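This note is addressed to a colleague who wishes to review the structure below. The points that follow the display are numbered for ease of reference.

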Amino acid sequence: MAANTSTQPRVLFQTSEKVEEETSQRKLGKLTVKYNRKDLQRRLDIEEWIDGQLHLLYDCEEEEIPELEIDIDELIELPDEEQRAKLQELLQECGKPKEDFINGLLYRMKGVRKMSTTQRK
């Protein structure tokens, strides 16, 4: 007697990949609610611009660029002259003229708001 497999009850298990995918989608949703999407895109554009400019300044591949950490939030908190001084300090090993990069970065940062992970009262 042959059993018809289409009428047999089946048990399906949810794979961990699907759970991780759903979790990451939920996290993304929370991120876009907490931060304005335009602000995030603007920051991403600035970071990509910085990366491209550092390649030009150091005239080398990404692996050869010295370890630099340009913290946009930290720079935003500083007055204009201190921003310039901080960037000059970070780029002191660069032999090429840095003024165009610094001016371009400070111009792009105008209007960018600080994104903090903690709420201030």
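The points below treat the overall make-up, the salt bridges, one helix pair and one residue.

1. Overall make-up. The model is a predicted one. The protein has 5 helices and 0 strands, and its elements, taken from the N terminus, follow the order α-α-α-α-α. The chain comprises 121 residues, of which 22% count as buried.

2. Contacts and surface. Where contacting residues are at least 6 apart in sequence, 63% of the contacts join residues at least 24 apart. The exposed area of the protein is about 10,000 Å², and 49% of that area is supplied by carbon and sulfur atoms.

3. Salt bridges in general. Side chains of opposite charge can pair when their charged atoms come close. How many salt bridges does the structure hold? The number is 3, and each is described in turn below.

4. The pair Asp73 and Arg43. A salt bridge joins Asp73 to Arg43, with 2.6 Å between the closest N and O atoms. Asp73 belongs to helix H3 (residues 72-77) and Arg43 to helix H2 (residues 37-58), so this pair ties together parts that are 30 residues apart in sequence. Are the two partners buried or exposed? Both Asp73 and Arg43 are buried.

5. The pair Glu74 and Lys86. The side chains of these two residues meet in a salt bridge, at 3.2 Å from N to O. Distant parts of the chain are linked by this pair, since Glu74 lies in helix H3 and Lys86 in helix H4 (residues 80-90), 12 residues apart. The relative accessible area of Glu74 is 35%, so this residue is partly exposed. Lys86 is also counted as partly exposed, because its relative accessibility is 24% and the buried class requires a value under 20%.

6. The pair Arg84 and Glu99. Arg84 and Glu99 form a salt bridge in which the closest N and O atoms are 3.8 Å apart. The pair links distant parts of the chain, with Arg84 in helix H4 and Glu99 in helix H5 (residues 99-109), 15 residues apart. As regards accessibility, Arg84 is partly exposed at a relative accessible area of 28%. Glu99 likewise counts as partly exposed, at 38% relative accessibility.

7. Helices H2 and H5. How are these two helices arranged with respect to each other? Their axes come within 11 Å and cross at roughly 180 degrees. An angle over 145 degrees counts as roughly antiparallel, and H2 and H5 are therefore roughly antiparallel to each other. On the H2 side the contact is made by Arg42, Ile46, Trp49, Ile50, Gln53, Leu54 and Leu57. On the H5 side the contributing residues are Phe101, Gly104, Leu105, Arg108 and Met109. By class, the residues of this contact comprise 8 nonpolar, 2 polar and 2 charged.

8. The surroundings of Arg43. This residue of helix H2 merits a separate point. Arg43 has a relative accessible area of 9%, so it is buried. Which residues are in contact with Arg43 when its neighbours within four places in sequence are left aside? They are Ile72, Asp73, Ile76, Val112, Arg113, Lys114 and Met115. Asp73, one of these contacts, is also the salt-bridge partner of Arg43 described in point 4.

Definitions and conventions: Residues are numbered from 1 along each chain as its sequence is written. This is a predicted model: local features need pLDDT of at least 70, side-chain atom pairs count only at pLDDT 80 or more; totals for chains, interfaces and linings use all residues. Side-chain values use heavy atoms; hydrogens and water are left out. Helices (H or I, at least four residues) and strands (E, at least two) are DSSP runs, numbered from the N terminus. Buried means under 20% relative accessible area, exposed over 50%, partly exposed in between (1.4 Å probe, protein chains only). Contact means heavy atoms within 4.5 Å. Accessible areas come from the Shrake-Rupley method with a 1.4 Å probe; for residues, only the protein chains shown count as cover. A salt bridge is a side-chain nitrogen of Lys or Arg within 4 Å of a carboxyl oxygen of Asp or Glu. Axes are lines fitted to C-alpha atoms, for helices over the stretch in contact, and angles run from 0 to 180 degrees between N-to-C directions. Angles under 35 degrees count as roughly parallel, over 145 as roughly antiparallel, 65 to 115 as roughly perpendicular and the rest as oblique. Ala, Val, Leu, Ile, Met, Phe, Trp, Tyr, Cys and Pro count as nonpolar, Asp, Glu, Lys and Arg as charged, and the others, Gly among them, as polar.
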